[in-house]
Each structure stands twice: as C-alpha cells, then as structure tokens.
Amino acid sequence: MAANIWNSIAGYVIIDIEGAYLERLINSITKSGIEIWDISRRRGSIRLSVSIGGFYSLRPILRQYPCRIRIVEKHGLTVALCHMGSRYVMAFGWVIALAAVLVASRFMWIIDIEGCGRIEQSEIAKTLDKMGVSPGTGRGKLDTAAIAEGVKNSDSRIAWAGAELTGVVLQISVKEAKEDVPVYTPGEPCSIYAAESGIITSITALSGKANHNAGDAVEKGELLISGDLGNGIYTEARGKVTAEVLHRFSYRADEMQDMLMPSGRKQTGFWIELKGKTIIPCIVPYEEYETGTDESFGFAAILPITLCRAEYSELVYKRAKADEETLKAAALRGAEELARAKLPKDAGIISKKTAYSSDGGGIICVMDIVAEQNITVIGDMISQ
C-alpha cells in the first residue's frame, strides 16, 4: 500500500517491450532490483509498469537485448505537475491538497449511524462523544470492540451494537430490542365517547357494547362504546374507533414579508473529497447563502481525491413588499405548520384542499384536510 502511494506521488509509466528473449529480459530486470508490476504478455510484446526512476535504470539492460521500448501511459503527481507548465499556483495548491489528504487519512472524519428506530441518532452521537469518539479522532485511538460495547450498554433499548472502521468512516450499526408487551389489568367501569365529529370508518369493541356501526356520522361527545352491559352489570369499555374527520386551518400572510435577499458579500470556499465523501469540509461564514458557480479538480490516476471550489453569496432577511406568488407560498407554509402542529400524530390524510383570498393587501390560505384518525376518549358512566 505504501509503495503504491509513493509510486502515485513520484510517478510511474506503463511501457510495451517488443523483441526476442523477452522472458530473459524480465529475469534480468528482476535480478537487477528494479521493481516492475502489472506484467502481462501480449502478441510479440510484454506490457508492464515501472517507476520513473526504474525506467531510466532499464536502459543499460535493454541494450543487451534486441528489443524496442514504447511508453504507453504516464501517471503520477510529478507527471501531472510537469504538464501544468507555468501554472505554479495550481500546482502548489494540489501539493497542499495532497499533503492534507495524506495527513487526514490518519484520522476518522465521518460517523455513519444506522439501524435507529425508537432511538434517535443524536442519542448515540452523544454517547460516542462522551466516550471521546468524534470526527478528527486518530484512527489508532479507536477500539471498535470497546466502542460497540459502550454503545450497547448505554441504552437498554439496544439489543446489539457493532462498530467498523473503514478508511476515514466509522460505521455504527445497532439493533433495537423488541418492546415489552404491556400486561392488561381491568380498570374502573367507563364508556368511550367521540373526541371529534366525523364519519366512522371502523369500530372495534374489545370490551363493552358498540353503540354505532361503520358509516355512521357521529358528533363530538357522542357515546361510541358503552360500559353498561345491562341488568346492572358495568365494565371498563375498551376498543378503537376510527373516523374521517374534517379539519380546517386558516393562515393570513401580510403583504410585508421578511425575505432573503443578497447582502452583496461573497466568498470563495474550498473543500476536499475522498471517493465522493467530504473529508475536509468548507466552512461558510454565512448563516444563509446561495451557491454560485462551482468547480472541481481531480487526478483520478494519482489518488481518488477531488479539490472542490464554489462561490457563496450571503443572504440576509430584509422586510419588503412581496408579490402575490410569494404571499401565497407564505400563507400556504403557515397553514401547513398549523396542520402539522394540530393534527394527531396517528392521523392519515385522505384529502387536502386549499383556497386563497385577498384581505387588505394580504393573502389568506384556507386549508381543508380530511383525515382518518382515532376519535375515542374515555368518559365515566354518568356521562351517559
């Protein structure tokens, strides 16, 4: 591996050798101590790779045999720098970038966490941080077995955890334990009522007596499942009732809006990628910005690294009069935020309609959502 990296930096060539006694020639080159690799036999010739220094050392040996030599390809950093001619600034930049990559490869820069369900990735990230595992940690300091054990022991919901270090990426994998099934214990006698008005889509009474069927329209507060079984027998009503419920959300967007606009400040940023993953990120000094033209430079024949450059323009919020399309978008966002905040988490949206109207320079968005949801709420027996 180290030899391959060195040859990629110092440079090497791929050559074809034609002539007689080629096997003897290869033996003579090997005995001389010149390193050659990727040797392949072709019709009347042999193709191989040799370092630039080794190539010049071949000449005395080649004179002893009736053969011809032809350079097929040239590779390596030194070759690339020579092709750059007078572009010294770019050459120097690439030398710095290459040095940065070689140094960065001795550290872990990316933590990839997979397998999370009930457990948030941020919780595992905090656990790793407490263990001293964070981007920039030296690869030699990372004990993957200890990391996996520490992650597993940090939360009883984790049944298994694994850690694997590949290049500059630390892969954390977790498998969550199954949730314990709660044991049901009967409670006080009660009934179930409608928490919302709607049209019932399904009704299941686990205990008690269903008072409606699917397709029935019910009003908020209406009895759904009764705990009164008759003849003075009462039980705890249990079950699930789902219904299609209409929700209406309205939001007004004022004609004066805080909008992101260019401040006039710009900055060019650089970052380095290794095999498509960012190992040295670009730090943009703006909270909000837009990216202009970007470029990338790479030498795939040397190392799988890419130096990327982009121009960033700062955006700041300024209050200004918005046009109709902007106001409609702002009113729609406001209505959607209200819907997300007020709709039950278990609700399944069946349909959504929006309508807009003008109001003294502003725009009002009215959003009607029909959702299927659980509408049960427990009430005491007296409510009947």
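**Reading side-chain and strand features**

Colleague: Where does tyrosine 289 fall at 37% relative accessibility: buried, exposed or partly exposed?

Modeller: Relative accessibility is read against two cut-offs, with buried under 20% and exposed over 50%. At 37%, tyrosine 289 therefore counts as partly exposed. Do keep in mind that this is a predicted model.

Colleague: Let's move to ring pairs. How many aromatic pairs does the structure hold?

Modeller: There are three aromatic pairs in the structure. One of them joins tyrosine 12 and tryptophan 37, with the ring centres 5.7 Å apart and the planes at 55 degrees, a tilted arrangement. The tilted label follows because 55 degrees falls between the 30 and 60 degree cut-offs.

Colleague: Which parts does that pair tie together?

Modeller: Tyrosine 12 belongs to strand S1 (residues 12-19) and tryptophan 37 to strand S2 (residues 36-42), so the pair links parts 25 residues apart in sequence. Tyrosine 12 and tryptophan 37 are both buried.

Colleague: And what kind of aromatic pair do tyrosine 289 and tyrosine 312 form?

Modeller: An edge-to-face pair: 90 degrees between the planes and 5.3 Å centre to centre. Tyrosine 289 is in strand S20 (residues 289-298) and tyrosine 312 in strand S21 (residues 305-321), so this contact ties together parts 23 residues apart in sequence. The two partners differ in accessibility: tyrosine 289 is partly exposed, while tyrosine 312 is buried at 8%.

Colleague: Rings can also meet charges. Over which ring does the charged end of lysine 175 sit?

Modeller: Over the ring of tryptophan 160, at 5.8 Å from the ring centre. Another case is lysine 328, whose charged end sits over the ring of tyrosine 356, 5.4 Å from the centre.

Colleague: How many disulfides does a search of the whole structure find?

Modeller: Zero. As for individual cysteines, cysteine 116 is partly exposed at 27% relative accessibility, and cysteine 365 is buried at 0%.

Colleague: Now a polar residue. Which residues does glutamine 257 touch, not counting those up to four places away in sequence?

Modeller: Lys318, Arg319, Ala320, Ala322, Leu327 and Ala330. Glutamine 257 is part of strand S18 (residues 256-274), and its relative accessible area of 16% makes it buried. A polar atom of the glutamine 257 side chain also lies 2.6 Å from the backbone oxygen of aspartate 254.

Colleague: How should I read strand pairing? Which strand do two bridges join to strand S11 (residues 198-207)?

Modeller: That is strand S13 (residues 217-218), and the two strands run antiparallel. Within this pairing, glycine 198 has valine 218 as its bridge partner in S13. S11 also pairs with strand S17 (residues 238-253), again antiparallel, through seven bridges. There, threonine 204 is partnered by lysine 240 in S17.

Colleague: What do side chains do in a regular strand?

Modeller: As a general idea, they alternate between the two faces of the sheet.

Colleague: One last residue. How far apart in space are serine 296 and arginine 309?

Modeller: They are 6.2 Å apart, C-alpha to C-alpha, although 13 residues separate them in sequence. Serine 296 sits in strand S20 and is exposed, at 51% relative accessibility. That value is over the 50% cut-off, so the exposed label applies. Apart from neighbours within four places in sequence, serine 296 contacts Thr306, Leu307 and Cys308.

Conventions
Residues are numbered from 1 along each chain as its sequence is written. This is a predicted model: local features need pLDDT of at least 70, side-chain atom pairs count only at pLDDT 80 or more; totals for chains, interfaces and linings use all residues. Side-chain values use heavy atoms; hydrogens and water are left out. Rings of Phe, Tyr and Trp (its six-membered ring) pair if their centres lie within 6.5 Å; planes under 30 degrees apart count as stacked, over 60 as edge-to-face and the rest as tilted. Helices (H or I, at least four residues) and strands (E, at least two) are DSSP runs, numbered from the N terminus. Buried means under 20% relative accessible area, exposed over 50%, partly exposed in between (1.4 Å probe, protein chains only). A charge sits over a ring if NZ of Lys or CZ of Arg is within 6 Å of the ring centre and within 35 degrees of the ring normal. A disulfide is a pair of cysteine sulfur atoms within 2.5 Å. A polar contact is a pair of N or O atoms within 3.5 Å; within protein, one must be able to donate a hydrogen and the other to accept it, and residues adjacent in sequence count only if both atoms are side-chain atoms. Contact means heavy atoms within 4.5 Å. Two strands pair if DSSP finds at least two bridges between them.
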